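Trainee: I have a model open on my screen and would like to talk through some of its side chains. Could you help me reason about them?

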Amino acid sequence: MTKLAYNVQDVIDNTPMGFKRWSIVVLCFVIALLDGFDTQSIAFIGPAIAEDFGLQATDMTWVITASTVGMCVGAMSLGTFGDRIGRKKTILLALALFGVFSLAGAFAQSLEQIVILRFLIGLGMGGATPALLALTAEYSPKSRRGTFMTLVLLGLPGGALLGGLVAAAWLPVMGWRGIFLAGGVLPLAMVLVCGRMLSESPIFLAAKGTPAADAQARQIMASISGSPVSPDAVLATNDRMEERSSVAALFSARYRMVTIAVFATYLLNWIAWFLLLLWMPTALKMLGLAGSQAAMGTVTVNGAFILFAIPLSIILPKVNPRKLLLVMFAAGIVIALGLGLAGSNFALVFVLIGLAGFGIGGQQLALNYLIANAYPTQLRATATGWGIGIGRLGSIVGSALGGVILTGLGVSGYFMTLAVPLVLAGLATLMVRSSATKATIATPASESLEREAIS
């Protein structure tokens, strides 16, 4: 007798969010807040660390770089873990790494120890994000997936804002070691909270297919839908059961070109974004602004990024993410060229800097949404982790290139150079469609999935 299929994704798409699913989104947001808090707080406590060890402020470059490299490695490695051992276990592991090594940082006795610890902390911070996004996507109905993923991502700038305010207020009282302690206690407290309240993705469990995973998925779906899953029903997902999570699977014949195109887009977009973020204050000072006024450029672009994120999160599920990315890259190119021609017309410069929050930085939101829809659940965290990890490589390249470009080409040339990676990223985005189309022809079973990604 043929058993009835119980499609987990369809039930999630067609039932109200409910307390359980809301609590998971909120927990993911809080964890992202901790990530942003730590990222920004190190910028505030860096001078105190340098003073304590009798170092130059420039020596702190190694500390900041170690964090970035750690986050890059963490996103790539723990992202793969998320598809192998599950989203929940990966998040708990990332929080534990984050918390334990932050606590150890409070007792560091040399710059070398801090550099090593910041790398290990970065592993945890970078590794959490792919699993957070995958878990959020898999508990969200399709119609609101973009909204909830964006909400979780806004935890990063929100935490950065909070981290700056808290570090500035607490540093005179607690010292830099106290900030490290706080940065360790909070993630470890979240390990306890998440261990009790966070649930594994039922889509991941259903796709895994073992008896234990099947039983756990049924229990979760019963709590979500309010009614038990019939024992005669077979759990199903929209993803092919035979997929296996691995980096190699991302480069299989079916996904190879899509993966190359998406990763290239991440890399090039992050080069442009961090080239702008990290060197814009210097460029504005070279145009004649005072240091405090130049710093407002950073505030403007980050504030605009958050403001643009709200409408983007609403329209993402309703539009073709690939076409939206192309519009955003086109806007970014115009903005870069406009900044190059604006000279010292600061009213125009600040308007364009604000628009850069959409045309140069906003792509991060659309890219994460594109990945969530372009890969099956068995590859989702791996693809997200590697995409973010490669993007962080772009942030290192962008931050390294800024000084060279400003010195060689001047302020106008620096702003116009932002258009180069944006043009290349736009071309890479065009490849997503052609690659996905070829994969669809080669593998009919993937039709519905890839239609969702490119339609």
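Mentor: Happy to; keep in mind that this is a predicted model, and let us go through its salt bridges and then one serine.

Trainee: How many salt bridges does the model have?

Mentor: Start with Asp83, whose side chain meets that of Arg87 at 2.7 Å, N to O. Glu138 also pairs with Arg87, with the closest N and O atoms 2.7 Å apart, and Asp214 meets Arg218 at 2.6 Å. The count comes to 3.

Trainee: Which residues are joined into one network by salt bridges that share partners?

Mentor: Asp214 and Arg218 both lie in helix α9, 4 residues apart. Sharing of partners is found elsewhere: Arg87 has a salt bridge with Asp83 and another with Glu138. The network therefore consists of Asp83, Arg87 and Glu138.

Trainee: Is Asp214 buried or partly exposed?

Mentor: Buried means under 20% relative accessible area. Its partner Arg218 has 18%, so Arg218 is buried. Asp214 has 22%, so Asp214 counts as partly exposed.

Trainee: Which backbone oxygen does the side chain of Ser102 reach?

Mentor: Ser102 lies in helix α4, which spans residues 87-105. With a relative accessible area of 1%, Ser102 is buried, and the residues it touches include Asp38, Ile121 and Phe180. At 2.8 Å, its side chain reaches the backbone oxygen of Phe98.

Notes:
Residues numbered from 1 in each chain as written. Predicted model: local features only at pLDDT ≥ 70, side-chain atom pairs only at ≥ 80, totals over all residues. Heavy atoms only, no water. Helix = DSSP H or I, 4+ residues; strand = E, 2+ residues; numbered from the N terminus. Buried < 20%, exposed > 50% of the residue type's maximum accessible area, 1.4 Å probe, protein only. Polar contact = N/O pair within 3.5 Å; in protein donor to acceptor, adjacent residues only side chain to side chain. Contact = heavy atoms within 4.5 Å. Salt bridge = Lys/Arg side-chain N within 4 Å of Asp/Glu carboxyl O. Lists of a residue's contacts leave out its neighbours within four places in sequence.
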